[in-house]
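Work through the exercises below with the coordinates open. Try each task before reading its solution.

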Amino acid sequence: MISNIQNTPQTFTGFYKIKGTAHDLKPLVEPIRDALPDSFVFFKDKSKWKRTLYIITGKHQDKFIDKFGRVDIMDLKENVEKYLAEKAVKLKFEKIKKAIDDDKLTKKTLR
């Protein structure tokens, strides 16, 4: 018996964070948004010296959106890992910066 099996492409999904200073992280935002146009990219911490940049895609975005209206948006951004009930994967600033500088930032870079 032969069955038809469709290969559906795996959609990219992820929940990542990069820690650093405002000076270091701000230049990463636009290149990340350009490389991952369907992702949410935002800062958690507002201090000048200690910030966390979050990147949320796929099913994690769905969970994030489900919290709108139920939770204050600022509280959601400040406690995103708590509300998504998951730890974000830590990315190294140097690795992402190098990928951006080399114009090689892709979904695979974040895996």
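Buried means under 20% relative accessible area, exposed means over 50%, and partly exposed lies in between. The model is predicted.

**Exercise 1. Outline the fold.**

Task: State how many helices and strands the protein chain has, and give their order.

Solution.
- Step 1. Count the elements. The protein chain has 6 helices and 4 strands.
- Step 2. Read from the N terminus. The order is β-α-β-β-α-α-α-β-α-α.
- Step 3. Check burial. Of the 111 residues in the protein chain, 40% are buried.
- Step 4. Check contact range. Take the contacts with a separation of 6 or more: 61% of them join residues 24 or more positions apart.
- Step 5. Add up the surface. The accessible surface is about 7,800 Å², and carbon and sulfur atoms hold 52% of this area.

**Exercise 2. Find the two sides of helix 5.**

Task: Determine which residues of helix 5 are buried, and what covers them.

Solution.
- Step 1. Helix 5 spans residues 93-101. Its buried residues are F93, I96, A99 and I100.
- Step 2. Look down the axis. These residues lie on the same side of helix 5, because the arc they cover is only 135 degrees.
- Step 3. Turn to the other side. There E94, K98 and D101 are exposed.
- Step 4. Identify the cover. The buried residues of helix 5 are covered by elements including strand 1 (14-20), helix 1 (22-35) and helix 6 (107-110).

**Exercise 3. Explain two unusual phi values.**

Task: Locate A85 and D103, and say whether each is buried or exposed.

Solution.
- Step 1. Recall the background. Most residues other than glycine have a negative phi.
- Step 2. Take A85. Its phi is positive, near 55 degrees. A85 sits in the loop between helix 4 (80-84) and strand 4 (89-90). Its relative accessibility is 70%, so A85 counts as exposed.
- Step 3. Take D103. Its phi is also positive, near 55 degrees. D103 comes just after helix 5, in the loop between helix 5 and helix 6. Its relative accessibility is 73%, so D103 counts as exposed.

**Exercise 4. Sort the salt bridges.**

Task: How many salt bridges does the whole structure hold? For E81–K17, R33–E30 and D101–K97, decide what each pair links.

Solution.
- Step 1. Count. The search finds 5 salt bridges.
- Step 2. Take E81 and K17. Their side chains meet at 3.1 Å, N to O. This pair links distant parts of the chain: E81 is in helix 4, K17 is in strand 1, and 64 residues separate them. E81 counts as buried because its relative accessibility is 16%. K17 is buried too, with a relative accessible area of 9%.
- Step 3. Take R33 and E30. Their closest N and O atoms are 3.3 Å apart. Both residues lie in helix 1, 3 residues apart, or about one turn of the helix. R33 is partly exposed at 35%. E30 is partly exposed at 45%.
- Step 4. Take D101 and K97. The N to O distance is 3.1 Å. The two residues are 4 apart in helix 5, so about one helical turn separates them. D101 counts as exposed at 52%, while K97 is partly exposed at 32%.
- Step 5. Put the pairs side by side. E81–K17 links helix 4 to strand 1. R33–E30 stays within helix 1, and D101–K97 stays within helix 5.

Conventions. Residues are numbered from 1 along each chain as its sequence is written. This is a predicted model: local features need pLDDT of at least 70, side-chain atom pairs count only at pLDDT 80 or more; totals for chains, interfaces and linings use all residues. Side-chain values use heavy atoms; hydrogens and water are left out. Buried means under 20% relative accessible area, exposed over 50%, partly exposed in between (1.4 Å probe, protein chains only). The arc is that of the directions from the helix axis to the C-beta atoms. Contact means heavy atoms within 4.5 Å. Accessible areas come from the Shrake-Rupley method with a 1.4 Å probe; for residues, only the protein chains shown count as cover. A salt bridge is a side-chain nitrogen of Lys or Arg within 4 Å of a carboxyl oxygen of Asp or Glu.
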